[in-house]
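Work through the exercises below with the sequence and the three-dimensional view side by side, and try each task before reading its solution.

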Amino acid sequence: MVYEILILTLDAGFGHRRAAQAVEAALQSAHGDRVSTQISNPLEDPDAPELIRMIESGYDGMVVQDPTLYQIAYTATDAPIVVQLMHGATSSILNRTLTNWVRRMQPDLILTTHPVYTAAKVNRQAPVDVVITDLTGVHSIWFHEDADLTFTPTEAVYQQALELGLRKERVYVSGIPVHPKFAALKARDRAEIRRELGWERDMTTALVVGSSRSRQTANIARMLDRSGLGLQVAAVAGGDPLITADLQQTEWTGVVHTYGMVDNMAEMMRAADFIICKAGGLIVSESLASGLPLILYEALPGQEVGNVRYVVENGAGTWSPGALGALTTAYTWCSDDQSELRRRREAAERIGHPRAAFDIADRVMQQLNDSDERHNTA
């Protein structure tokens, strides 16, 4: 029997879709002969409620232009009674759209990597599983008692789920899913990957990653280039045209590689010695899965503050706001014998979950098999 699995996501930010893609890749890699998967964003449906579509399309603008307002909204809505109201409203608003999607696709299981779908009730018999994509102190809207399984990134979020009333047997600590190639690359030699990328093999390498929501990439790369630390720098604009132009127009004095949008971030992370980035849930999880220490220079108020706290408390990185903060930490890590950098790498290796997507895929398949056995026994 081939199981049909529908993976729901949202394109407010990059991380939710990347988590969906990671689970899909793991399902296909480990169980490809028994599953058919489809990743969908129901808000792309022309019949989807305009209100929800506006929230998705305006997300990037809000978090960049008015992060204080975002923080107020995030905090104000993270209370049990408010979340209950939000669940009810979301269920009512999205019910028609989701019911139509499920009726068309007839999935055996629905998995979501965004909380907007956790509460939407549909006329279905298929189980609904939730994959949480932030590391600690996550918003309560992620948790819903009707979810068949909830996959949490950390023990702290597991405990949060239980405190909010989810049943213990329905909650699993998995880590945030990253693409299976992160696990495969763990066995590869760092210097060899650098050679394939066209990088210098024997230089300490800093990976600087930005996006349309985090535009300090070029400034940080310039500071590192002129720091005297003798670093090799790889700077990724994340597809943002302003950052890309800034990187291309800079006259570099040392070894600097610049990129717009890339599709080989796993290889870059494996090849680098440390990363400087914003505290998004997926890029943090991918870095940890690569054993890559993090210098976090920017964090979105709300969920990303929790990501910073998780990294710092576990010794896998630092909170170093702004370009100057990032440079200061780079000096500390790269001075003398780099013992501090090695210590950070060991911590990142310890808390990373390169096989999280496989663990989720295996548990989902077990869930489907158990359901079939119960049905056949009945």
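**Exercise 1. A pair of helices**

Which residues in α9 meet which residues in α14?

Solution. Before starting, note that this is a predicted model, in which local features need pLDDT of at least 70 and side-chain atom pairs count only at pLDDT 80 or more, while totals for chains, interfaces and linings use all residues. Residues are numbered from 1 along each chain as its sequence is written, and side-chain values use heavy atoms, with hydrogens and water left out.

Step 1. Locate helix α9 at residues 217–225 and helix α14 at residues 322–334; helices (H or I, at least four residues) and strands (E, at least two) are DSSP runs, numbered from the N terminus.

Step 2. Look for contacts, meaning heavy atoms within 4.5 Å: on the α9 side they involve Asn219, Ile220, Met223 and Leu224, and on the α14 side Ala323, Leu324, Ala326, Leu327 and Ala330. Sorted by class, this contact has 8 nonpolar residues, 1 polar and no charged ones, where Ala, Val, Leu, Ile, Met, Phe, Trp, Tyr, Cys and Pro count as nonpolar, Asp, Glu, Lys and Arg as charged, and the others, Gly among them, as polar.

Step 3. Describe the geometry: the two axes come within 9 Å and cross at roughly 35°, an axis being a line fitted to C-alpha atoms, for helices over the stretch in contact, with angles running from 0 to 180 degrees between N-to-C directions. The crossing of α9 and α14 is right-handed, a term that applies if the near helix is turned clockwise from the far one by less than a right angle.

**Exercise 2. Alanine 221 and its helix**

Is alanine 221 buried or exposed, and which residues is it in contact with, leaving aside its neighbours within four places in sequence?

Solution. Step 1. Place alanine 221 in helix α9, and read its relative accessibility of 0%, which means that alanine 221 counts as buried; buried stands for under 20% relative accessible area, exposed for over 50%, and partly exposed for what lies in between (1.4 Å probe, protein chains only).

Step 2. With those neighbours set aside, alanine 221 is in contact with Val233, Ala235, Leu247 and Trp252. Alanine 234 is 13 residues from alanine 221 in sequence, and their C-alpha atoms are 8.0 Å apart in space.

Step 3. Widen the view to the helix, where 7 of the 9 residues of α9 are buried, among them Thr217, Arg222 and Asp225.

**Exercise 3. The sheet around β11**

What is the order of the strands in the open sheet of 6 strands, and how many residues of strand β11 are buried?

Solution. Step 1. Read the order as β9-β8-β7-β10-β11-β12, with parallel pairing; two strands pair if DSSP finds at least two bridges between them. Strands β9 (255–259) and β12 stand at the edges with a single partner strand each, so one side of each is left without a neighbour in the sheet. From one strand to the next, the twist averages 15°.

Step 2. Examine β11 (residues 294–298), of which 4 of the 5 residues are buried, so this strand is largely enclosed by the rest of the structure.

Step 3. Follow the partners of β11: strand β10 (residues 274–278) pairs with it over 4 bridges, and strand β12 (residues 317–319) over 3 bridges. Leucine 296 is the bridge partner of cysteine 277 and also stands opposite tryptophan 319 in β12, while isoleucine 276 has isoleucine 295 as its bridge partner.

Step 4. Trace the connections: β10, helix α12 (residues 281–289) and β11 make a right-handed β-α-β unit, and β11, helix α13 (residues 303–313) and β12 make a right-handed β-α-β unit as well. A crossover is right-handed if, with the strands pointing away from the viewer, the path from the first strand over the helix to the second runs clockwise.

**Exercise 4. The loop between α14 and α15**

What is the phi of aspartate 336, and what is the phi of glutamine 338?

Solution. Step 1. Find aspartate 336 in the loop between α14 and α15, where glutamine 338 is also found.

Step 2. Although aspartate 336 is not a glycine, its phi is positive at about 55°, and glutamine 338, also not a glycine, has a positive phi of about 60°.

Step 3. Add the accessibility: at 78%, aspartate 336 counts as exposed, whereas glutamine 338, with a relative accessible area of 22%, is partly exposed.
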